[in-house]
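Please look over the sequence and the model below before reading on. The text then walks through the fold step by step.

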Amino acid sequence: MSDSEISRLIQSSEGGNAAARKKLFSVLYDELHRIAQRELRRNGSLTMSPTTLLHEAYLSMSAGASPEFPDRARFLAYACRAMRGLVIDYIRSRSAQKRGGEFEFTALPTAVPAGVNEDLELERLGEAVDALAALEPRLARVVDLKFFCGFSFEEVAGLMDISVRTAKRDWDKARMFLQRELRASDTGLPAFD
């Protein structure tokens, strides 16, 4: 399906057309499923399947107020952000259970559970990207598309209708901001290649 047809579907879904929203989701399903797989692979300690994450994101996007998506890039970035939010919520809920959210007497292992540091880093990274979005929405979209969605600079540039050089420059600016934010919260920074 061409970008212009996808844009028409986006406009129809924004107008409240549920059928258009469903068709848009099905047209982009393979790409969204790949993004969900990448997100879960990055967080190996999660027990959720990519299909579950993708469908939960769809439900979350459908239930809320429909933000505007003028183009495919913003739709994918929003879907990616919804998936990231669900992963962070899942991690928080799991952490709450570990801290006594579901109080129950059990024998505790002495080993530190695998993935705890990665969970905390992902949560901090999500907060840092949200802070970046409040200041520089375009830079946050570049991070969403490059780091979370896994697109190349060429794909990011094409999706956002900017030059590859601008995409790389925005990526560098976003990385500096995120590094500063994460250093301020005393956590490590995931590899931003």
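What follows goes from the chain as a whole to its salt bridges, and then to a pair of helices and a loop.

This is a predicted model. The chain has nine helices and zero strands, so no strand appears in the order of elements, which runs α-α-α-α-α-α-α-α-α from the N terminus on. The chain has 193 residues, and 38% of them count as buried. Its accessible surface comes to about 10,800 Å², with 51% of that area belonging to carbon and sulfur atoms. Among contacts in the chain with a separation of 6 or more, 64% are between residues 24 or more positions apart.

Salt bridges give some examples of links across the sequence. How many salt bridges does the structure hold? The structure holds six. One of them joins Asp-144 to Arg-81, with 2.9 Å between the closest N and O atoms. Asp-144 belongs to helix H7 (residues 137-148) and Arg-81 to helix H5 (residues 72-101), so this salt bridge ties together parts that are 63 residues apart in sequence. Are the two partners buried or exposed? Asp-144 counts as buried because its relative accessibility is 2%, a value under 20%. Arg-81, at 23% relative accessibility, counts as partly exposed.

Another salt bridge runs between Asp-130 and Arg-84, where the closest N and O atoms are 4.0 Å apart. This pair also links distant parts of the chain, since Asp-130 is in helix H6 (residues 116-135) and Arg-84 is in helix H5, 46 residues apart. Here the aspartate, Asp-130, is partly exposed at 40% relative accessibility, whereas Arg-84 is buried, with a relative accessible area of 2%. The four residues Arg-81, Arg-84, Asp-130 and Asp-144 are linked in a network of salt bridges.

Helix H7 takes part in a further salt bridge. Arg-138 pairs with Asp-170, and their closest N and O atoms are 2.7 Å apart. Because Arg-138 lies in helix H7 and Asp-170 in helix H9 (residues 164-184), the pair ties together parts that are 32 residues apart in sequence. Asp-170 counts as buried, at 2% relative accessibility, while Arg-138 counts as partly exposed, at 36%.

The next step is to see how H7 meets another helix. The axes of helix H3 (residues 29-42) and H7 come within 10 Å and cross at roughly 80°. That angle falls in the range from 65 to 115 degrees, so H3 is roughly perpendicular to H7. Which residues meet where H3 and H7 are in contact? On the H3 side they are Ile-35, Arg-38, Glu-39 and Arg-42, and on the H7 side Lys-146, Phe-147 and Phe-148. Sorted by class, this contact has three nonpolar, no polar and four charged residues.

Past H7, the chain enters a loop that leads to helix H8 (153-160), and Gly-150 lies in this loop. Gly-150 is partly exposed, with a relative accessible area of 25%. Apart from its neighbours within four places in sequence, Gly-150 is in contact with Arg-34, Arg-38 and Leu-145. Arg-38 is also one of the H3 residues that meet H7. Glu-39, another of those H3 residues, is 111 residues away from Gly-150 in sequence, yet the two are 9.0 Å apart in space, C-alpha to C-alpha.

Note on methods:
Residues numbered from 1 in each chain as written. Predicted model: local features only at pLDDT ≥ 70, side-chain atom pairs only at ≥ 80, totals over all residues. Heavy atoms only, no water. Salt bridge = Lys/Arg side-chain N within 4 Å of Asp/Glu carboxyl O. Helix = DSSP H or I, 4+ residues; strand = E, 2+ residues; numbered from the N terminus. Buried < 20%, exposed > 50% of the residue type's maximum accessible area, 1.4 Å probe, protein only. Axes fitted to C-alpha atoms, helices over the stretch in contact; angles between N-to-C directions. Parallel < 35°, antiparallel > 145°, perpendicular 65-115°, else oblique. Contact = heavy atoms within 4.5 Å. Nonpolar A, V, L, I, M, F, W, Y, C, P; charged D, E, K, R; others polar. Areas by Shrake-Rupley, 256 points an atom, 1.4 Å probe, with all protein chains shown as cover.
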